[in-house]
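Subject: Structure for you to look at

Hello,

Here is the structure I said I would pass on. My notes on it follow below.

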Amino acid sequence: MTDNRQDGDTRQSLSDLASLTSQPAPVPTASDALVTGGEDAAPVNNSGPAPAPMPLREQIIDKQGRAYATGRRKDAVARVWLKPGSGKITINGRDQEVYFARATLRLVLNQVFGVTERVGQYDVTCTVKGGGLSGQAGAVKHGISQAITKYEPILRAPVKAAGFLTRDSRTVERKKYGRAKARRSFQFSKR
């Protein structure tokens, strides 16, 4: 390969670039930091201990020894009180088997206790209003998740990893004028 560079041309050939990149970059040391920074520069310490982990949150309970939280899902809002007990869940003054007759809705409520391995260890009292039964079950689950992390802050990591602390923001899309529903058009008739 011939070198076709002319005088004043500053382009480099590939071999010149390869020789530059094959040399390892110098690693700065603590003495270099002192030299370049002047007399008041502190030495760089990369081998020190890792920063301390975040401190645990504090337990938040009321005078009756209960943790309180609010859960939301769709249009439903649940106020949840959680305390140690035998695993009884009361919704609007009724037992969970009566209020949520469908087994799938009761399963949604108990997911939090399954993830945290606290099945049958807490009593839950809650009031819920708005929305339908599915939204109310999701709201109670969200409230239980928030309350259990307030009562036992160490359980925040598994509950958050399961996604129970995040409020599910999906709601029904509003109906638009000129449409049968939110997006459904009226039936078209050519004649």
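A good place to start is Glu 117, the residue that follows helix α4 and has a positive phi, near 60°. Please keep in mind throughout that this is a predicted model.

Glu 117 sits in the loop that joins α4 to β5. Its relative accessibility is 64%, so Glu 117 counts as exposed. As a general point, most residues other than glycine have a negative phi. Glu 117 is not a glycine, yet its phi is positive. Asn 92 is another such case: a residue other than glycine with a positive phi, near 50°. Asn 92 belongs to the loop between β3 and β4. With a relative accessible area of 32%, Asn 92 is partly exposed.

Now for the chain as a whole. It has six helices and five strands. Read from the N terminus, the order of elements is α-α-β-β-β-β-α-α-β-α-α. The chain has 191 residues, and 26% of them are buried. Of the contacts with a separation of 6 or more, 64% are between residues 24 or more positions apart.

Most of my notes concern helix α4. It covers residues 103-116, which is 14 residues; at 1.5 Å a residue it should span 20 Å, and its end C-alpha atoms are indeed 20 Å apart, so the two figures agree. α4 also has a kink of about 40°, centred on Asn 110.

Which residues of α4 are buried? They are Leu 105, Leu 109, Val 112, Phe 113 and Thr 116. What do these buried residues pack against? The list consists of strands β2 (76-84), β3 (89-91) and β5 (122-129), together with helices α3 (96-99), α5 (133-151) and α6 (156-161).

The pairing of α4 with α5 can be described further. Their axes come within 8 Å and cross at roughly 15°. An angle under 35 degrees counts as roughly parallel, and α4 is therefore roughly parallel to α5. The crossing of these two helices is right-handed. On the α4 side, the residues that meet α5 are Leu 105, Val 108, Leu 109, Gln 111, Val 112, Phe 113 and Thr 116. On the α5 side, the residues include Leu 133, Ala 137, Val 140, Ile 144 and Ile 148.

Two other residues are worth finding in the viewer.

Gln 96 is part of helix α3. Buried or exposed, at 9% relative accessibility? Gln 96 counts as buried, because the cut-off for buried is under 20%. Leaving aside residues up to four places away in sequence, Gln 96 touches Ile 89, Ile 91, Arg 106, Leu 109 and Asn 110. Asn 110 is also where the kink in α4 is centred, and Leu 109 is among the buried residues of that helix.

Trp 81 is in strand β2. Trp 81 and Ala 67 are 14 residues apart in sequence, and their C-alpha atoms are 5.6 Å apart in space. Again leaving aside residues up to four places away, Trp 81 touches Asp 62, Arg 66, Ala 67 and Tyr 68, as well as Asp 123, Val 124, Thr 125, Cys 126 and Thr 127.

Regards

Key:
Residues are numbered from 1 along each chain as its sequence is written. This is a predicted model: local features need pLDDT of at least 70, side-chain atom pairs count only at pLDDT 80 or more; totals for chains, interfaces and linings use all residues. Side-chain values use heavy atoms; hydrogens and water are left out. Helices (H or I, at least four residues) and strands (E, at least two) are DSSP runs, numbered from the N terminus. The expected span of a helix is 1.5 Å times one less than its number of residues. The bend at a residue is the angle between axes fitted to the seven residues ending there and the seven starting there. Buried means under 20% relative accessible area, exposed over 50%, partly exposed in between (1.4 Å probe, protein chains only). Contact means heavy atoms within 4.5 Å. Axes are lines fitted to C-alpha atoms, for helices over the stretch in contact, and angles run from 0 to 180 degrees between N-to-C directions. Angles under 35 degrees count as roughly parallel, over 145 as roughly antiparallel, 65 to 115 as roughly perpendicular and the rest as oblique. A crossing is left-handed if the near helix is turned anticlockwise from the far one by less than a right angle, and right-handed if clockwise.
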